Amino acid sequence: MSLFNVYPLFDIAPVKAVDVFVYDEKGIEYLDLYGGHAVISIGHSHPKYVKNISNQVSELGFYSNSIQNPLQEKLAAQLVQQSTCKDYQLFLCNSGAEANENALKLASFHTGKKKVISFTNSFHGRTSAAVAATDNPKIVAPINTQQEVEFFDLGNLNSVEIALQKGDVCAVIIECIQGVGGLDEGTTDFYKGLDKLCKQYNVLLIADEVQSGFGRTGDFFAFQNHEITPDIISIAKGMGNGFPIGGILIQPTIKASFGLLGTTFGGNHLACVASLTVLEVLKEENLLENASTISKYFIEKASTITQIKKIKGRGLMLGMEFDFPVAALRKELIFKHHIFTGSAKNPNLLRILPPLTIKKQHVDQFFEALKMELS
Ligand SMILES: Cc1ncc(COP(=O)(O)O)c(C=O)c1O
């Protein structure tokens with residue numbers, strides 16, 4: 001059987017990975033500045049992660065959500081402690097799209113309304129409502145167009161208010177720093193204004209922290225830099241360091257009832273242990289602080305390179321905008337210098353999403369290669 005050919009692949013097959021390095025079957029070492037698309041938070045094959053997951057699978061890998069699973073309670077408690085987001089409730093699922101799908105569904109249940117407001121260049125996943133709220137018509141199938149979504153430019157509070165005044169909106173969904181869209185971020189005034197408007201018109205504000213959450217920006221959540229209080233926060237990617245897990249943090253004003261949401265695999269024992277280990281290592285190894293320190297170092301180095309027109313993003317969610325498309329440069333970085341980087345919707349943007357364990361010497365290695373390619 002052939003594979004359904006939806007991914008344009010680089011011809012590399014990793015067989016092993018340790019911390020910030022990935023190794024192919026020939027033993028070639030690649031520096032991973034892509035983190036498997038912002039997924040690897042505590043580094044590949046972290047010893048504690050390997051040990052905890054191995055121990056858990058030898059005891060109990062999975063049972064359904066029809067029994068008690070104290071690991072879910074433990075994860076909720078740790079999340080409160082480390083994110084400082086108090087008073088939320090936790091629902092666990094398996095991916096970023098699923099987190100946003102549940103967030104949007106919950107907003108619709110809660111308000112009894114169905115229109116969603118989203119933003120230009122947003123990406124929220126590929127499922128029904130999540131993909132409809134994504135600004136990419138190429139991945140929206142006719143079946144998804146039944147969802148009512150209006151898109152506005154980041155910063156355009158006025159248009160958002162006019163739309164909310166009509167009284168048919170259930171949710172405003174936003175990435176505080178856009179990922180795939182190209183690392184744009186609104187101003188604090190904009191996010192605060194959005195928060196205020198949502199409260200004024202009884203519309204739920206959903207912060208999509210799937211990519212920017214779990215310490216990637218140096219804050220636990222990217223929205224915390226703007227002092228807002230989202231009604232729902234969606235999480236995934238770095239949450240499990242590669243083990244599939246997602247979730248939503250839900251304000252207490254939104255009431256649960258049996259059967260309102262549900263999933264077979266969500267919050268299973270292995271997934272909880274993976275995420276608990278991520279939280280433990282983030283704390284023990286001060287990885288949020290490391291994200292900020294290395295980010296500063298990276299930006300300093302990038303700002304000395306004249307071909308880089310703009311440096312975007314925060315923490316270890318960074319983008320460098322050139323005045324030429326970067327596809328060829330990315331290829332050279334991979335095949336000649338053995339360094340993985342990321343791309344974005346903007347063809348001129350090179351994205352950097354490394355494990356949060358990255359050190360200055362790895363940044364130096366990248367800039368040596370980059371300078372060689374640009375000279
Ligand atoms: C901001 C954001 N939301 C949602 C998603 C979808 O996550 P997943 O691919 O786990 O469904 C992504 C994935 O890139 C993302 O970057």
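Which residue in β10 stands opposite Gln89? The partner is Ile250. Keep in mind that this is a predicted model, where local features need pLDDT of at least 70, side-chain atom pairs count only at pLDDT 80 or more, and totals for chains, interfaces and linings use all residues. Numbering starts from 1 along each chain as its sequence is written, and side-chain values use heavy atoms, with hydrogens and water left out.

**The seven-stranded sheet**

The Gln89–Ile250 pair sits in β4 and β10, two strands that run antiparallel and are joined by five bridges. Strands here are DSSP runs of E with at least two residues, while helices are runs of H or I with at least four residues, both numbered from the N terminus. Two strands count as paired if DSSP finds at least two bridges between them. On that footing, β4 and β10 belong to an open sheet of seven strands, ordered β4-β10-β9-β8-β7-β5-β6, with mixed pairing. β4 (89-93) and β6 (149-152) are the edge strands, each pairing on one side only. From one strand to the next, the twist averages 20°.

Two helices lie across this sheet. α3 (residues 70-83) lies across β4, β9 and β10 and runs at about 120° to β4. α4 lies across β4, β5, β7, β8, β9 and β10, at about 150° to β7. Contact means heavy atoms within 4.5 Å; axes are lines fitted to C-alpha atoms (for helices, over the stretch in contact), and angles run from 0 to 180 degrees between N-to-C directions.

**The ligand**

α4 (residues 96-111) turns up again here: three residues of the shell around the ligand come from this helix, the largest share. There are 13 residues around the ligand, and Gly96, Ala97, Asp208, Gln211 and Lys237 come nearest; to be near, a residue needs a heavy atom within 4 Å. By class, the shell divides into three nonpolar, seven polar and three charged residues. For that split, Ala, Val, Leu, Ile, Met, Phe, Trp, Tyr, Cys and Pro are nonpolar, Asp, Glu, Lys and Arg are charged, and the others, Gly among them, are polar.

Here are some polar contacts to the ligand (N or O pairs within 3.5 Å):

| Residue | Protein atom | Ligand atom | Distance |
|---|---|---|---|
| Ala97 | polar backbone atom | oxygen | 2.8 Å |
| Phe123 | backbone N or O | nitrogen | 3.4 Å |
| Asp208 | side-chain N or O | nitrogen | 2.8 Å |

Taken alone, the ligand exposes 390 Å², and the protein buries 81% of that. Those areas come from the Shrake-Rupley method with a 1.4 Å probe.

**The three-stranded sheet**

Another open sheet has three strands, β11-β12-β14, with antiparallel pairing. β11 (308-314) and β14 (349-352) stand at the edges with a single partner strand each, so one side of each has no neighbour in the sheet. Neighbouring strands are turned by 20° against each other on average, direction ignored. Six bridges link β11 to β12 (residues 317-322), and Gly313 has Leu318 as its bridge partner in β12.

What packs on this sheet? α9 (residues 287-302) does, touching β11, β12 and β14, with its direction at about 5° to that of β12. α11 (residues 360-374) also touches β11, β12 and β14, and its direction makes about 15° with that of β12.

**Two backbone oddities**

His37, found in helix α1 (residues 35-38), has phi near 70°, a positive value in a residue other than glycine. Asp87, in the loop between α3 and β4, also has positive phi, near 65°.

Terms used:
A polar contact is a pair of N or O atoms within 3.5 Å; within protein, one must be able to donate a hydrogen and the other to accept it, and residues adjacent in sequence count only if both atoms are side-chain atoms.
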